[in-house]
Amino acid sequence: MLLLKAANFQDIEKEYLFVRDMPVDENGFTNPWHGISRADFDCALQTMLDFEAGWNLPDGFVPETFLFLWNDDEIVGQFRIRHHLCESLRTGAGHIGYFIAKPFRGKGYAKEGLRLTLEIARSIIPEDEIYLRVNKDNPASLRVMMANGGYIAHEDESRYYVRIKR
Ligand SMILES: CC(C)(COP(=O)(O)OP(=O)(O)OC[C@H]1O[C@@H](n2cnc3c(N)ncnc32)[C@H](O)[C@@H]1OP(=O)(O)O)[C@@H](O)C(=O)NCCC(=O)NCCS
């Protein structure tokens, strides 16, 4: 069964292996902790929890919740919710980012994970619409957004800017 759980210290060993193996950047979904050592991961996880609480944010960052998508006792993906828009998010990456690990792709996990993420996001995000962005060469992700009620608000040369009504 698929379940979203916020980052937490109880699950640290599985979270560690998942985050360590996520690429640095795939289709604009970035991971500053790729390849991190276990010794350094306590600090990285604390950073995720701090970001959720709005503590120690880098300049220009808004609070962000880190969620893991679990299939039974295995982590299959990560979803992130940025709590509100700032100018760079409004014109850029928007509220939500997500990643499904390669062995688990093509099984509908991103679609269901985004559906579950939107349920949480609706109780956090104050704006009337949820903003997402996707590269034009990432049709799988665009389908995930469309399956969750997304529409293309506008586009530029390389990206679609998708909105989902609350
Ligand atoms: C994009 C990503 C999240 C999709 O995850 P996933 O679990 O495989 O997605 P799902 O199985 O839920 O759905 C994928 C949909 O895309 C479709 N799809 C997959 N590859 C496709 C392709 N090359 N062209 C068109 N559609 C494609 C699937 O058929 C499915 O749609 P359908 O169910 O309507 O047939 C995953 O590939 C990923 O993590 N990529 C790297 C990070 C990333 O791109 N994040 C999103 C940034 S906007």
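This is a conversation about a predicted model of a chain with a ligand.

Colleague: Why is Arg 115 called partly exposed?

Modeller: Arg 115 has 15 C-beta neighbours inside 10 Å, and since a residue is buried at 20 or more and exposed at 12 or fewer, Arg 115 counts as partly exposed because its value falls in between. Arg 115 is placed in helix H4, which covers residues 109–121, and its C-alpha atom is separated by 22 Å from that of Arg 159, 44 residues apart along the chain.

Colleague: What makes the chain as compact as a globular protein of its length?

Modeller: The chain has five helices and nine strands, which run from the N terminus as β-α-β-β-α-β-β-α-β-α-β-α-β-β. Its radius of gyration is 15 Å, close to the 15 Å that the globule rule gives for 166 residues, so the chain is as compact as a globular protein of that length. The C-alpha trace spans about 45 × 35 × 30 Å along its principal axes, and buried residues make up 27% of the 166 residues.

Colleague: How do you know which residues surround the ligand, and which are the closest?

Modeller: A residue is counted if its C-beta atom lies within 6 Å of the ligand, and 21 residues surround the ligand in this way, the closest being Asn 27, Arg 105, Ala 110, Pro 139 and Ala 140. Strand E6 (96–100), H4 and helix H5 (139–147) are the elements that give two or more residues to this shell, with the largest share, five residues, coming from H5.

Colleague: What classes of residue make up the shell around the ligand?

Modeller: The shell has 10 nonpolar, six polar and five charged residues.

Definitions and conventions: Residues are numbered from 1 along each chain as its sequence is written. This is a predicted model: local features need pLDDT of at least 70, side-chain atom pairs count only at pLDDT 80 or more; totals for chains, interfaces and linings use all residues. Helices (H or I, at least four residues) and strands (E, at least two) are DSSP runs, numbered from the N terminus. The radius of gyration is taken over C-alpha atoms; the globule rule is 2.2 Å times the number of residues to the power 0.38. Ala, Val, Leu, Ile, Met, Phe, Trp, Tyr, Cys and Pro count as nonpolar, Asp, Glu, Lys and Arg as charged, and the others, Gly among them, as polar.
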